[in-house]
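Hello,

Here is the structure I promised to pass on to you. Please open it first, and then read my notes alongside it.

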Amino acid sequence: MENIRACQNGREEKNFTLRKFLLTGRELAVESRGSLHTGHGKVGAAIFLMGLGWGIYGAVTKENLEKWSNFVLLADLWCAMGLVNVWNLQNYKLLYLLPVSRKDFAAMQIRKMAWLCLVLFGITAVQYASMGLGAEDFWKLIFCKAIPASLSLGVYQVSSVQPIRGKAVNGYEIYGLSFTMLLLDFGIAFLNLIMFPATGGISFYLLPILNYGIGIYAAVYLYRKIAFAGLYYDEL
């Protein structure tokens, strides 16, 4: 509807604007309320709450830094899986009926991924803040672990999309996604979160740099795969 109004006014609004990003957030809130009325959404909400509970448990127990990594990793992973199940109701119920272009749909999924990244970053940042670290160590973990790991785990939103309803037509099949790339993206995030090398020197920054690079590449890769897919529901 927004695209139709824009075209009627003689202009086409870009897909990556602050307005579109905020509009996607409002759509996710509406979709979440609808999803919670389904079994699929309730399971996702339960998984998300498990992740939050595990993170809170880690904050209460106040383990050492190495053991904290297990709490951070599992909390982020469960929260990501839960939110994807809650937010992707349309991919299973309505998406095959939506009259949108491939590029519009790809951009919408990237915006949803950005919201997931923000939520995961907030959860991770709260956990690091609960460790009682000094300001320098806290911000080092934020920029070297929380941000890049949230970016990589957020890709789960895009890679889980099912644009066509059917038992044999899943997102990875219709888009021809590379499992090697997806495993590399998630794997580097896991390693970055669970490994705590010496706080100084190149060894501490090597994984974060790789995490940033692979996460950004994965997001661009998935956008291009969706936007320029050879087969799509609007072409059937």
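Below is what I found, going from the whole chain down to single rings.

Please keep in mind that this is a predicted model. The chain has 10 helices and 0 strands, and read along the sequence its pattern is α-α-α-α-α-α-α-α-α-α. It is 236 residues long, and 47% of these residues count as buried. The chain exposes about 12,100 Å², with carbon and sulfur atoms supplying 68% of that area. If we take the contacts with a separation of 6 or more, 78% of them are between residues 24 or more positions apart.

A good place to begin is helix α3, which covers residues 39-61. With 23 residues at 1.5 Å a residue, α3 should span 33 Å, and its end C-alpha atoms are indeed 33 Å apart, so the two values agree. Which residues of α3 are buried? They are Gly41, Gly44, Phe48, Gly51, Gly55, Gly58 and Ala59. Some spacings in that list may catch your eye, and there is a general point to set beside them. An α-helix has 3.6 residues a turn, so residues three or four places apart point the same way.

Next, the aromatic rings. A search of the whole structure finds 10 aromatic pairs. One of them joins Phe138 and Trp139: the ring centres are 5.2 Å apart and the planes meet at 70°, which is over 60 degrees, so the pair counts as edge-to-face. Trp139 also pairs with Phe143, and here the arrangement is tilted, with 6.0 Å from centre to centre and 35° between the planes. Both Trp139 and Phe143 belong to helix α7 (residues 135-159), where they sit 4 residues apart, about one turn of the helix.

Are these three rings buried or exposed? Phe138 counts as buried because its relative accessibility is 17%, under the 20% cut-off. Trp139 has a relative accessible area of 48%, so it is partly exposed. Phe143, at 47%, is partly exposed as well.

Elsewhere, Trp54, Tyr57, Phe71 and Trp78 form one aromatic cluster. You could look at that cluster once you have found the rings of Phe138, Trp139 and Phe143.

I hope this helps you find your way around. Do write back with any questions!

Best wishes

Definitions and conventions. Residues numbered from 1 in each chain as written. Predicted model: local features only at pLDDT ≥ 70, side-chain atom pairs only at ≥ 80, totals over all residues. Heavy atoms only, no water. Helix = DSSP H or I, 4+ residues; strand = E, 2+ residues; numbered from the N terminus. Expected span 1.5 Å × (residues − 1). Buried < 20%, exposed > 50% of the residue type's maximum accessible area, 1.4 Å probe, protein only. Phe/Tyr/Trp six-rings, centres within 6.5 Å; stacked < 30°, edge-to-face > 60°. Contact = heavy atoms within 4.5 Å. Areas by Shrake-Rupley, 256 points an atom, 1.4 Å probe, with all protein chains shown as cover.
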